[in-house]
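Here is a quick tour of how this chain is put together, sheet by sheet. Have the viewer open and follow along.

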Amino acid sequence: MELKQLEYFLTVSKLQSFTLAAEQLYVSQPGVTTAIKRLEEELGIQLFIRNKKAAILTAEGRVFFNHIELIMSDVAKAITTVTELKALNSGTIRLGLSPASGVSILTFLLAKFHALHPALDIQLIEEGSLLLQKQVEEGTIDFAVVGKTDECLPESVDISELGQQEFRVAVPTYHLLKTKASLRWDELLTEPLVLLKEDCASRSIIDEKFRQQASLPEIAFSSNSLQTMKRLIVCGAGLSILPMEALENDQSLKAIPLDPP
């Protein structure tokens, strides 16, 4: 049973004529007649009472018509939906954002993209890089912008490198280190730190840098909320290592380059 046969059947049923149906469908009348005959043979029933004046549905044909009309309506809706999705006129995009990526130029691009395609529902899932990476693998989100990790991903996941972020030491403006031109990693070992959680790719990079030093720092707080982290820094809970973009235009904090960066 083919969709073309069902379309021919519905058209003949509504017009009660093989000739008029063929004209409306822009096909030959023998083509319509053959398609309906094959449909009847496949179903094992007679769908139409044929005479010179009209093609009238049989009792079985009327039952079949009621069901097929609903099915073809759903098919038409499905085709319309898929077409709109392809044209970005409807649908939902599930985008994962790690804390570090949420302060990059990506947010500007997202706003511009939404302005171009306002009918799209863009759902942002804000989690650590490792969790977002797993959700991409499982198909629960469409894609994610995360920090680069050393974990091997399956071949079903495509990766595109977008660029680099510079991380700097965030210190409150009243701190003794505020005048430093740069800070070495070992200089941070005596300071309590407020860092991103361990499910963030950037945290694993920071941890590895500290493991290369003589000892490990004190981690006072871990959070994936940049605003919370910055408030903790201002309150004197500790210093932090954050994306430079997160510290721009923040008059309460000083961003000091790392040595090495």
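## Two sheets and their helices

Strands β6 and β10 run antiparallel and are joined by four bridges. Keep in mind that this is a predicted model.

On its β11 side, β6 is again antiparallel, this time over five bridges with β11 (residues 253–259). V169 is a handy residue to click on: V169 has I241 opposite it in β10, and its bridge partner in β11 is I256. A170 has a bridge partner in β11 too, namely A255. As a reminder, side chains in a regular strand alternate between the two faces of the sheet.

Zoom out a little and you get an open sheet of four strands, ordered β7-β11-β6-β10, with mixed pairing. β7 (183–184) and β10 are the edge strands, each pairing on one side only. How many of the six residues of β6 are buried? Six of the six are, so β6 is largely enclosed by the rest of the structure.

Some of the surroundings come from helices. Helix α8 (residues 226–234) lies across β6, β10 and β11, and runs at about 140° to β10. Then there is helix α7 (residues 201–211), where A201, S202, R203, I206, D207 and F210 are buried. The cover over those buried α7 residues includes α6 (129–138), β6 (167–172), β8 (192–195), β9 (218–222) and β10 (240–243).

Now for the other sheet. This one is open as well, with three strands in the order β4-β3-β5 and parallel pairing. β4 (121–126) and β5 (143–145) sit at the edges with a single partner strand each, so one side of each has no neighbour in the sheet. Ignoring direction, neighbouring strands here are turned by 30° against each other on average.

Strand β3 (residues 92–97) runs parallel to β4, and six bridges join them. One of the pairs to look for is R94 with its bridge partner Q123 in β4. Helix α5 lies across β3, β4 and β5, and α6 packs on the sheet, touching β3, β4 and β5.

Here are the helix directions for both sheets, side by side:

| Helix | Strands it lies across or touches | Angle to a strand |
|---|---|---|
| α5 | β3, β4 and β5 | about 170° to β3 |
| α6 | β3, β4 and β5 | about 160° to β5 |
| α8 | β6, β10 and β11 | about 140° to β10 |

Notice that α6 turns up twice: α6 touches the β4-β3-β5 strands, and α6 is also part of what covers the buried residues of α7.

What about the outside? Start with F108, which is in helix α5 (residues 106–116). Is F108 buried or exposed? The cut-off for exposed is over 50% relative accessible area, so F108, at 52% relative accessibility, counts as exposed. Together with I105 and L109, F108 forms a nonpolar patch on the surface, and the three have about 330 Å² of accessible area together.

One last stop is G44, in the loop between α3 (29–43) and β1 (48–50). G44 has a relative accessible area of 65%, so G44 is exposed. Along the chain, G44 and Q16 are 28 residues apart, and their C-alpha atoms are separated by 21 Å.

Methods
Residues numbered from 1 in each chain as written. Predicted model: local features only at pLDDT ≥ 70, side-chain atom pairs only at ≥ 80, totals over all residues. Heavy atoms only, no water. Patch = residues over 30% accessible without salt bridge, like charges linked within 9 Å, V, L, I, M, F, W, Y side chains within 5 Å. Areas by Shrake-Rupley, 256 points an atom, 1.4 Å probe, with all protein chains shown as cover. Salt bridge = Lys/Arg side-chain N within 4 Å of Asp/Glu carboxyl O. Helix = DSSP H or I, 4+ residues; strand = E, 2+ residues; numbered from the N terminus. Buried < 20%, exposed > 50% of the residue type's maximum accessible area, 1.4 Å probe, protein only. Contact = heavy atoms within 4.5 Å. Pairing = 2+ DSSP bridges. Axes fitted to C-alpha atoms, helices over the stretch in contact; angles between N-to-C directions.
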